[in-house]
Amino acid sequence: MSIWEALAIFAAGIGAGTINTIVGSGTLFTFPVLLAVGLPPITANVSNTLGLVSGNISGAIGYRRELRGQRRRVLRFGVTALIGGLAGAVLLLALPSKAFDTIVPALIGLALVLVVLQPRLAKALARRRERNGTTDTVTDGGPALLLGLLLASAYGGYFGAAQGVLYLSLMGLLLRDDLQRVNALKNVLAVVVNGVAALFFLFVADFDWTAVLLIAAGSTLGGQLGAKIGRRLPPTALRGVIVVVGVVAIVQMLLKQ
């Protein structure tokens with residue numbers, strides 16, 4: 001790996017840590033770069049998962065103020081995320097590599113659609129709250145939310161691009177609470193999913209330690225940046241960058257087939 005490739009991975013890690021804390025979809029920054037430097041798709045995905053754990057933790061710590069009073073949710077949703085994340089990680093290695101090559105472009109495409117539609121989802125949430133009134137009691141979403149989080153976590157353990165967007169969409173629509181508090185909870189769930197998947201991969205999968213360490217360093221820095229700017233920065237520009245990077249990833253994956 002050349003110095004320029006290492007710098008590119010480190011920079012992608014910063015971008016991923018930042019965007020993961022603010023919205024989600026950081027994998028769309030790092031995964032294409034890992035492919036571009038020559039890592040096989042599954043090795044790139046495993047290395048990416050391992051590297052982003054520290055960034056997830058960094059972002060969750062940055063949003064710790066908004067986690068106050070959410071201990072019950074963290075425990076309840078965290079168990080669901082752990083089960084789903086482990087299931088997704090097992091599927092990644094159980095399914096043939098050809099399946100990953102075929103599925104991932106479709107998953108990235110779905111992730112991009114979710115990123116583009118996120119403003120509409122936010123508006124739908126606002127209209128829903130207006131109908132219900134601002135004094136409604138905060139709920140825990142019920143079985144529908146638990147099922148949705150389980151599936152989203154399985155997706156996160158398998159690949160993870162736009163996992164955070166899925167969490168924000170589900171919890172934003174099914175929980176009556178401030179979006180910053182929902183975002184803080186999203187960061188914790190991402191720690192659980194990436195953490196359990198990374199622990200599983202450590203024992204059974206091939207990965208590139210150089211890439212892991214570069215992404216870990218970059219995403220840890222990015223997690224702190226994201227926590228600082230997440231309450232102020234309009235996500236429109238970041239959303240545009242994600243779409244461009246995601247399209248590049250899809251093209252790369254299709255060209256390798």
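## Exercises on an all-helix model

At 39% relative accessibility, Leu-202 counts as partly exposed. The model is predicted. The exercises below start from this residue and then turn to the helices.

**Exercise 1. Place Leu-202 in its helix and find which surface patch it belongs to.**

Step 1. Locate the residue. Leu-202 is in helix α8.

Step 2. Check its accessibility. Patch members need over 30% relative accessible area. Leu-202 has 39%.

Step 3. List the patch. Leu-202 joins Leu-93, Leu-199, Phe-203, Val-204, Trp-209 and Leu-213 in a nonpolar patch on the surface. Together they have about 750 Å² of accessible area.

Step 4. Assign the patch to elements. Two helices, α8 (179-204) and α9 (209-229), each give two or more residues. The largest share comes from α8, with 4 residues.

**Exercise 2. Compare the span of α9 with the expected value, then find what its buried residues pack against.**

Step 1. Compute the expectation. α9 has 21 residues, and at 1.5 Å a residue they should span 30 Å. The rule multiplies 1.5 Å by one less than the number of residues.

Step 2. Compare. The end C-alpha atoms of α9 are 30 Å apart, so the two values agree.

Step 3. Look at the start of the helix. There, a side-chain oxygen of Asp-208 comes within 3.0 Å of the backbone nitrogen of Thr-210.

Step 4. Pick out the buried residues. They include Ala-211, Leu-214, Ile-215, Gly-218, Gly-222, Gly-223 and Gly-226.

Step 5. Find the partners. The buried residues of α9 pack against α1, α2 (27-36) and α3 (41-62).

**Exercise 3. Is Thr-18 buried or exposed, and which residues does it touch?**

Step 1. Place the residue. Thr-18 is in helix α1, which covers residues 3-22.

Step 2. Apply the cut-off. Buried means under 20% relative accessible area. Thr-18 has 11%, so it is buried.

Step 3. Check the side chain for a polar partner. One of its polar atoms lies 2.8 Å from the backbone oxygen of Ile-14.

Step 4. List the contacts, leaving out residues up to four places away in sequence. Thr-18 touches Gly-222, Gly-223, Leu-225, Gly-226 and Ile-229. Gly-222, Gly-223 and Gly-226 are among the buried residues of α9.

Step 5. Widen the view to α1. Its buried residues include Gly-13, Gly-15, Ala-16, Gly-17, Thr-18 and Ile-19. The helix has 20 residues and reaches 29 Å from its first C-alpha to its last, close to the 28 Å expected. Just after α1, Gly-24 takes a positive phi of about 120 degrees.

**Exercise 4. How many salt bridges does the structure hold, and which side chains meet there?**

Step 1. Count. The structure holds 1 salt bridge.

Step 2. Name the pair. The side chains of Arg-65 and Glu-66 meet at 3.5 Å, N to O.

Step 3. Test the acid for burial. Glu-66 has 9% relative accessibility, so it counts as buried.

**Exercise 5. Describe the whole chain by its elements, burial, contacts and surface.**

Step 1. Count the elements. The protein chain has 10 helices and 0 strands. Its pattern along the sequence is α-α-α-α-α-α-α-α-α-α.

Step 2. State the burial. Of 257 residues, 51% count as buried.

Step 3. Sort the contacts. Take those with a separation of 6 or more: 85% of them join residues 24 or more positions apart.

Step 4. Give the surface. The accessible surface of the chain comes to about 11500 Å². Carbon and sulfur atoms account for 69% of this surface.

Methods: Residues are numbered from 1 along each chain as its sequence is written. This is a predicted model: local features need pLDDT of at least 70, side-chain atom pairs count only at pLDDT 80 or more; totals for chains, interfaces and linings use all residues. Side-chain values use heavy atoms; hydrogens and water are left out. Patches are made of residues with over 30% relative accessible area and no salt bridge: like charges are joined within 9 Å, nonpolar side chains (Val, Leu, Ile, Met, Phe, Trp, Tyr) within 5 Å. Accessible areas come from the Shrake-Rupley method with a 1.4 Å probe; for residues, only the protein chains shown count as cover. A salt bridge is a side-chain nitrogen of Lys or Arg within 4 Å of a carboxyl oxygen of Asp or Glu. Buried means under 20% relative accessible area, exposed over 50%, partly exposed in between (1.4 Å probe, protein chains only). A polar contact is a pair of N or O atoms within 3.5 Å; within protein, one must be able to donate a hydrogen and the other to accept it, and residues adjacent in sequence count only if both atoms are side-chain atoms. Contact means heavy atoms within 4.5 Å.
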